Amino acid sequence: MRKTIFAGALSIATIILGFAAKAQELTVYSGRGESFAGPVFKIFEEQTGIKVKARYGSTAELSALLKEEGAKSPADVFLAQDAGALIENRTLFADAPKALSETALPEFRSNDPKWLATSGRARTLVYSKERVKADQLPKSVFDLTKPEWKGKVGYSPKNASFQAFLTALRVQEGEEKAKAFVKGLVDNGAKTYANNVAIVQAVADGEIDAGLVNSYYLTRFVARDAKVPVAQTFFDKGDIGNLLFVSGAGIVETSKNKENAAKLLEFFLSPAVQQHFASAVGEYPVIKGVIPNPTLTGPLATPKDYAPNVPLEKLGDVSATKKLLTELGLL
């Protein structure tokens, strides 16, 4: 009898411990790569004891998976490369803690309570220091469709950040102008690449003279080789090519572990992690008091002064952007 009672007690204890262990575990769908998010998750685990089970993939893939899984999704947090995927899935998220949302700088702050920014980035033009003179730099992103840039420009239509830029262009200038711009790139012999890294490398290798990328990619090249023959710049102030946008995160509504999910979001907005984003990754911090990356000098040090006035909430219609790119044979 005593043995039976002991066995029963052990079983109950095992169940309780099992629930406790599960409560100290977060499943994160991460549209940010493992090299970016992995170190942050590891430190979070060490400091909190909360284990992070990360499922890595492209933001688009994980966004589609969240929609497909719906209420059955095991995800507690969705970490996205761009705001568009968060806006598209906003009905699947719980409200983010208001106190966290209010810590973000105004230019990176979401007015939508369903998600918050975790780091900032800007669209820039990288160009060859050897083949492009200062007086030859385009004043607007639309100039890249002109004859003098024929066959000299690179872009990545499958990249989520290019799609965020194109979404902003559609919102700001209309569908026809957006379509005309992309068609103009195609007709002008612009080259397509798999990602932003490949574009910067192509400029360095002499395949192209310029490319449309995010602000932090060149900082990675400079960190490895200070003599890389590539520079970057903004277009004229207010040009749509200087889009300032964010990566961000949302807490999944069906999560059984929202308290720990909020702790992860709070960790992403901590000064130490924001400094990591700035120093090691080259992104813009979304809170005050963080030392900027030394490679982001000149106009790139103050991106809000050059950015177009496009509210983050306007970047959600990525589906229509993908449809446009598909119609032009780019997806």
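1. Where is the place of Asn-309? In this predicted model, Asn-309 sits in the loop between helix 11 and helix 12, the latter formed by residues 318-327. Asn-309 is exposed, with a relative accessible area of 69%, and this value lies above the cut-off, since exposed means over 50%. Asn-309 and Ile-291 are 18 residues apart in sequence, and their C-alpha atoms are 25 Å apart in space.

2. Pro-285 also has its place in the loop between helix 11 and helix 12, but Pro-285 is buried, its relative accessible area being 13%; the limit that matters here is that buried means under 20%. Once residues up to four places away in sequence are set aside, Pro-285 touches Leu-105, Phe-108, Gln-274, Ala-278 and Val-290. From C-alpha to C-alpha, Pro-285 and Leu-166 are 24 Å apart in space, with their positions 119 residues apart in sequence.

3. As to the overall architecture, the protein has 12 helices and 9 strands. Its radius of gyration is 22 Å, close to the 20 Å that the globule rule gives for 331 residues, so the protein is as compact as a globular protein of that length. That figure may be read beside the extent of the C-alpha trace, which spans about 90 × 40 × 35 Å along the principal axes.

4. On burial and connectivity, 51% of the 331 residues in the protein are buried. When contacts between residues at least 6 apart in sequence are considered, 78% of them join residues at least 24 apart.

5. The surface that the protein exposes amounts to about 15,400 Å², and carbon and sulfur atoms supply 56% of that area. As for charge, there are 41 positive and 36 negative side chains, and the centres of these two sets lie 3 Å apart.

6. Helix 8, which runs over residues 196-205, has as its buried residues Asn-196, Ile-199, Val-200, Ala-202 and Val-203. Around the helix axis they cover an arc of only 160°, which puts them on the same side of helix 8. The general background is that an α-helix has 3.6 residues a turn, so residues three or four places apart point the same way. The cover over the buried residues of helix 8 includes strand 4 (116-128), strand 5 (153-155), strand 7 (210-214), helix 9 (217-224) and strand 8 (230-233).

7. Within helix 8, Asn-196 deserves a separate entry. Asn-196 counts as buried, because its relative accessibility of 1% is to be set against a limit under which buried means less than 20%. Apart from neighbours within four places in sequence, Asn-196 is in contact with Arg-123, Asn-159, Leu-212, Val-213, Asn-214 and Tyr-217. One of these partners, Tyr-217, is itself buried in helix 9.

8. In helix 9 the residues Tyr-217, Leu-218, Thr-219 and Phe-221 are buried. What covers them includes strand 4, helix 8, strand 7, strand 8 and helix 11, the last of these formed by residues 271-281. Helix 9 is in turn among the elements that cover the buried residues of helix 8.

9. Thr-124 belongs to strand 4 and, at 1% relative accessibility, counts as buried. Beyond its neighbours within four places in sequence, Thr-124 is in contact with Gly-211, Leu-212, Val-213, Asn-214, Ser-215, Gln-232, Thr-233, Phe-234, Gly-241 and Leu-300. Between the C-alpha atoms of Thr-124 and Phe-268, which are 144 residues apart along the chain, the separation is 25 Å.

10. Val-246 is placed in strand 9, which covers residues 244-251, and is buried, with a relative accessible area of 0%. If residues up to four places away in sequence are not counted, Val-246 touches Gln-81, Asp-82, Ala-83, Phe-108, Trp-115, Ala-117, Ser-119, Gly-120, Arg-121 and Leu-312. The C-alpha atoms of Val-246 and Leu-300 are separated by 15 Å, the two residues being 54 apart along the chain. Phe-108, listed among the residues that Val-246 touches, is also one of those that Pro-285 touches.

Definitions and conventions. Residues numbered from 1 in each chain as written. Predicted model: local features only at pLDDT ≥ 70, side-chain atom pairs only at ≥ 80, totals over all residues. Heavy atoms only, no water. Helix = DSSP H or I, 4+ residues; strand = E, 2+ residues; numbered from the N terminus. Rg over C-alpha atoms; globule rule 2.2 N^0.38 Å. Buried < 20%, exposed > 50% of the residue type's maximum accessible area, 1.4 Å probe, protein only. Contact = heavy atoms within 4.5 Å. Areas by Shrake-Rupley, 256 points an atom, 1.4 Å probe, with all protein chains shown as cover. Lys, Arg positive; Asp, Glu negative; His and termini not counted. Charge placed at Lys NZ, Arg CZ, Asp CG, Glu CD. Arc of directions from axis to C-beta.
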